[in-house]
Amino acid sequence: MALQSVRGFHDILGDDILRFKKVSGTARSVLKRHNFEEIVLPVVEYAELFQRSIGEVTDIVQKEMFVFKDRKGRVLALRPEGTAGTVRAFIQHKLYAKRPYTKLFYEGPMFRYERPQAGRYRQFHQIGAEVFGVQEPTADAEVISVVYKILNSLGIEAVIEINSLGCKECRPAYRQALKEFLSTKEENLCKDCVSRKERNPLRVLDCKEKSCQMTVKDAPKTVDFLCDSCNEHFNKLKELLTELSIPYRENSNLVRGLDYYTRTVFEAVAESLDTTVIAGGRYDYLVEELGGPPTPALGFAVGIERLSLLLKEIEEQEGLYIVIPFGNVQGYALEVAEKLRNKGKRVEFSYRKGGLRKQLEFADKLRAKFAVIIGEDEMREGVVTLKDMESGEQSKIKADEIV
Ligand code: ATP
Ligand code: MG
């Protein structure tokens with residue numbers, strides 16, 4: 001049997017690569033304008049890093065991590081997300097001692113053992129950003145505005161939903177109220193949620209089972225339990241978003257699937273796909289919990305494949321020139337191709353054999369913008385025949401003047 005890629009692991013090629021690059025390039029350009037610096041993180045970390053940060057009672061840690069032992073028996077994991085690694089690096093390199101605050105972004109593959117389906121893979125790619133050391137809601141607004149600009153620049157329709165989960169002061173009372181509510185609804189919850197409701201009741205709000213989703217509609221709301229300072233933070237954030245003309249919707253059931261979040265959480269939801277495409281939030285205790293100094297922080301991650309699915313027609317930005325040598329003109333035609341390349345043009349030198357018709361069919365197949373046809377007459381006169389592949393117009397011009 002011919003070898004196939006592993007279930008849930010995909011090759012990305014053809015037009016999908018153009019979409020992928022467009023999402024990545026757009027996100028990078030927005031992040032650059034906001035002065036985020038890149039960090040390239042390892043794909044493998046100690047499994048413990050994710051257990052301690054994402055949380056034991058989460059889908060990612062309980063069901064989705066690729067965990068393995070190396071030859072020395074170290075328990076390692078393929079990273080399921082990028083925040084934990086970024087926090088680990090922030091602490092390990094003492095970045096907190098270098099600047100009053102730090103803004104980083106990363107891009108790369110993430111791995112989760114999920115049931116593969118459209119927009120859900122076992123290896124997928126994220127581009128994400130983190131801000132360390134800023135308490136003020138201005139940072140929350142900046143991060144959400146980055147998300148908004150990425151969506152906007154890509155022309156993707158998605159609604160930004162926000163919520164506040166409170167802090168150490170106010171979360172316990174909420175947790176208790178939610179627990180009490182859920183214990184009266186046990187018969188309506190899925191098997192997982194019956195056990196979650198004791199150990200991690202907030203997780204129930206995030207369950208994808210219909211019956212659980214219906215049940216939690218009437219659950220107590222985090223926003224009704226916020227302490228004064230969380231309330232103030234959330235209200236200020238909403239004011240800032242309005243000032244920045246960023247449309248948003250409050251969703252009091254939004255909790256996110258990871259334990260480390262505090263205060264602001266947000267998601268960009270694409271209604272046409274009925275899924276989240278970008279997600280993030282604040283995690284003010286995580287740096288300290290992983291052994292660093294107390295450092296408020298927040299971030300988000302873009303699902304590159306999911307956003308790519310929402311991009312419509314796509315074409316390569318830089319139009320293609322195809323140089324078509326015809327007869328005994330190889331040297332001259334190569335020279336012309338090199339001239340164009342030196343001018344920064346994208347150039348294919350055709351190796352296709354056959355008559356001019358076959359060559360032009362090939363040019364169409366490559367979606368070339370211009371065919372540069374070079375026969376022996378052209379060589380003798382020091383010209384080329386330039387054909388606009390879209391309009392079909394063609395003219396002889398001096399080789400030096402094509403661009
Ligand atoms: P979901 O609720 O859809 O499982 P999530 O809450 O697990 O998403 P995050 O961990 O917040 O997702 O990751 C951020 C983004 O990464 C998601 O919004 C999505 O676009 C993308 N993503 C997450 N898991 C996958 C996957 N298995 N395949 C493709 N993209 C994914
Ligand atoms: Mg998930």
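## Close-ups of a predicted model

**Figure 1. T262, a buried threonine in strand β9.** With a relative accessibility of just 3%, T262 counts as buried, because the cut-off for that label is anything under 20%. Bear in mind for this and every other panel that the model is predicted. T262 belongs to strand β9, which covers residues 262-270. Who does T262 touch, once residues up to four places away in sequence are set aside? The list is L165, G166, R171, R282, Y283, D284 and Y285.

**Figure 2. Stepping back: the protein chain as a whole.** Here's the backdrop for the other close-ups. The chain's secondary structure comes to 15 helices and 16 strands. Its C-alpha trace spans about 90 × 55 × 45 Å along the principal axes. The radius of gyration is 27 Å, whereas a compact globule of 403 residues would have one near 22 Å. Buried residues make up 51% of the 403. Take the contacts with a separation of 6 or more, and 69% of them come from residues 24 or more positions apart. About 21000 Å² of the chain is exposed, with carbon and sulfur atoms supplying 49% of that area. As for charge, there are 62 positive and 61 negative side chains, and the centres of the two sets sit 4 Å apart.

**Figure 3. An open sheet of 8 strands, with mixed pairing.** Read the strands across the sheet and you get the order β1-β5-β6-β11-β10-β9-β7-β8. Strands of a sheet pair through backbone hydrogen bonds, and they can do this in a parallel or an antiparallel way. Which strands stand at the edges? They are β1 (37-38) and β8; each has a single partner strand, so one side of each has no neighbour in the sheet. At the β8 end, β7 (residues 159-164) and β8 pair in the parallel sense, over 2 bridges. Look for E161 here: its bridge partner in β8 is R249.

**Figure 4. Strand β14, covered on both faces.** This strand takes in residues 370-374, and 5 of its 5 residues are buried. On one side you'll find F370, V372 and I374, on the other A371 and I373, and all of them are buried. Now for the strands that pair with β14. Strand β12 (residues 320-325) pairs with β14 in the parallel sense over 5 bridges, and I322 stands opposite A371. Strand β15 (residues 383-388) pairs with β14 too, but in the antiparallel sense and over 4 bridges. In that pairing V372 stands opposite L386.

**Figure 5. The hairpin of β15 and β16.** Strand β15 carries on from the previous view. β15 and β16 (residues 394-398) run antiparallel and are joined by 5 bridges. One pair to pick out is T385 with K396, its bridge partner in β16. How many residues lie between the two strands of the hairpin? There are 5, and G392 takes a positive phi near 80°.

**Figure 6. Two loop residues with positive phi, neither of them glycine.** S245 has a phi near 55°, a positive value in a residue other than glycine. Its loop runs between α10 (228-243) and β8 (249-250), so this panel takes you back to a strand that stands at an edge of the open sheet. Is S245 buried or exposed? S245 is exposed, because its relative accessible area is 55% and the exposed label needs over 50%. D274 also has a phi near 55°, and it isn't a glycine either. The D274 loop lies between β9 (262-270) and β10 (275-282). At a relative accessible area of 66%, D274 counts as exposed.

**Figure 7. H34, a buried histidine in a loop.** H34 is found in the loop between α1 (15-33) and β1. H34 has a relative accessibility of 13%, so it counts as buried. Setting aside residues up to four places away in sequence, H34 touches K103, E142, S145, V146 and K149. How far is H34 from L165 in space, C-alpha to C-alpha? The gap is 26 Å, and the two are 131 residues apart in sequence. You've met L165 already: it is one of the residues that T262 touches in the opening view.

Note on methods. Residues numbered from 1 in each chain as written. Chains lettered and ligands numbered in written order. Predicted model: local features only at pLDDT ≥ 70, side-chain atom pairs only at ≥ 80, totals over all residues. Heavy atoms only, no water. Buried < 20%, exposed > 50% of the residue type's maximum accessible area, 1.4 Å probe, protein only. Rg over C-alpha atoms; globule rule 2.2 N^0.38 Å. Contact = heavy atoms within 4.5 Å. Areas by Shrake-Rupley, 256 points an atom, 1.4 Å probe, with all protein chains shown as cover. Lys, Arg positive; Asp, Glu negative; His and termini not counted. Charge placed at Lys NZ, Arg CZ, Asp CG, Glu CD. Pairing = 2+ DSSP bridges.
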